[in-house]
Amino acid sequence: QVQVVESGGGLVEPGGSLRLSCSVSGSIFSIYAQGWYRQAPGKQRELVASYASDGTTKYDDSVKGRFTISRDNAKNTLYLQMNSLKPEDTAVYYCHIEKGIARPESVYWGQGTQVTVSS
């Protein structure tokens, strides 16, 4: 089993910054991919940024140049640095972990952390 806990959300003014953290614990071997999703009210959950199994990163076009995904393997922690935040970035942000060897075999989600961008 894998436990996934996000933190770092909050209220920030437009143009501000936040850093989200995702702490992963438990049976953490064979992590295939990991990333951040978000879900705004009335909208579907969407991919924000991710690490593929080969370590390459992917970003949604709406956050390119503003958000950066990173990780500290020694701490089993995934991060999302969010700069130049906009009101449309307001959403619940979820950490997403896939486990597997040659392909994803199981998926784990955190409980989410609220990010609100407003003046």
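Reader: Which residue lies over the face of Tyr-94, and at what distance from the ring centre?

Author: In this predicted model, Arg-45 is the residue that lies over the face of Tyr-94, at 3.7 Å from the ring centre. Arg-45 also lies over the face of Trp-109, where the distance from the ring centre is 4.6 Å, and for that reading one looks at where the charge sits with respect to the ring, the limit being within 6 Å of the ring centre and within 35 degrees of the ring normal.

Reader: How many aromatic pairs does a search of the whole structure find?

Author: The search finds two aromatic pairs. One of them joins Tyr-37 and Trp-109 in an edge-to-face arrangement, with 5.0 Å from centre to centre and 70° between the planes. This pair links distant parts of the chain, since Tyr-37 belongs to strand β4 and Trp-109 to strand β10 (residues 106-109), 72 residues apart. Trp-109 is partly exposed, with a relative accessible area of 36%. Tyr-94 and Trp-109 form an aromatic pair that is likewise edge-to-face, at 6.3 Å centre to centre and with 90° between the planes. Tyr-94 lies in strand β9 and Trp-109 in strand β10, so this pair ties together parts that are 15 residues apart in sequence.

Reader: Is Tyr-94 buried or exposed, and which residues do the ring pairs link into a cluster?

Author: Tyr-94 is buried, its relative accessible area being 14%, and the ring pairs link Tyr-37, Tyr-94 and Trp-109 into a cluster.

Reader: Why can side chains of opposite charge pair, and how many salt bridges does the structure hold?

Author: The general idea is that side chains of opposite charge can pair when their charged atoms come close. In this structure there are four salt bridges, and a good place to start is Arg-38, which forms one with Glu-46, the closest N and O atoms being 2.8 Å apart. Arg-38 counts as buried at 6% relative accessibility, whereas Glu-46, at 34%, counts as partly exposed. Arg-38 also meets Asp-89 in a salt bridge, at 3.0 Å from N to O. Arg-38 lies in strand β4 (residues 31-39) and Asp-89 in the loop between β8 (77-82) and β9, so this pair ties together parts that are 51 residues apart in sequence. Both Arg-38 and Asp-89 are buried.

Reader: Which residues are linked in a network of salt bridges?

Author: The network links Arg-38, Glu-46, Arg-66 and Asp-89. Another salt bridge brings together the side chains of Lys-64 and Asp-61, at 3.0 Å from N to O, and there Lys-64 is exposed, as is Asp-61.

Reader: Which residues form a disulfide, and how far apart are their sulfur atoms?

Author: To read such a link, one looks for two cysteine sulfur atoms within 2.5 Å of each other. The structure holds one disulfide, formed by Cys-22 and Cys-95, whose sulfur atoms are 2.0 Å apart. The link of Cys-22 and Cys-95 is left-handed, with -80° about the S-S bond. Because Cys-22 lies in strand β3 (residues 18-26) and Cys-95 in strand β9 (residues 91-99), the pair ties together parts that are 73 residues apart in sequence.

Reader: Are Cys-22 and Cys-95 buried or exposed?

Author: Cys-22 counts as buried, at 0% relative accessibility, and Cys-95, also at 0% relative accessibility, counts as buried.

Technical notes: Residues numbered from 1 in each chain as written. Predicted model: local features only at pLDDT ≥ 70, side-chain atom pairs only at ≥ 80, totals over all residues. Heavy atoms only, no water. Helix = DSSP H or I, 4+ residues; strand = E, 2+ residues; numbered from the N terminus. Buried < 20%, exposed > 50% of the residue type's maximum accessible area, 1.4 Å probe, protein only. Phe/Tyr/Trp six-rings, centres within 6.5 Å; stacked < 30°, edge-to-face > 60°.
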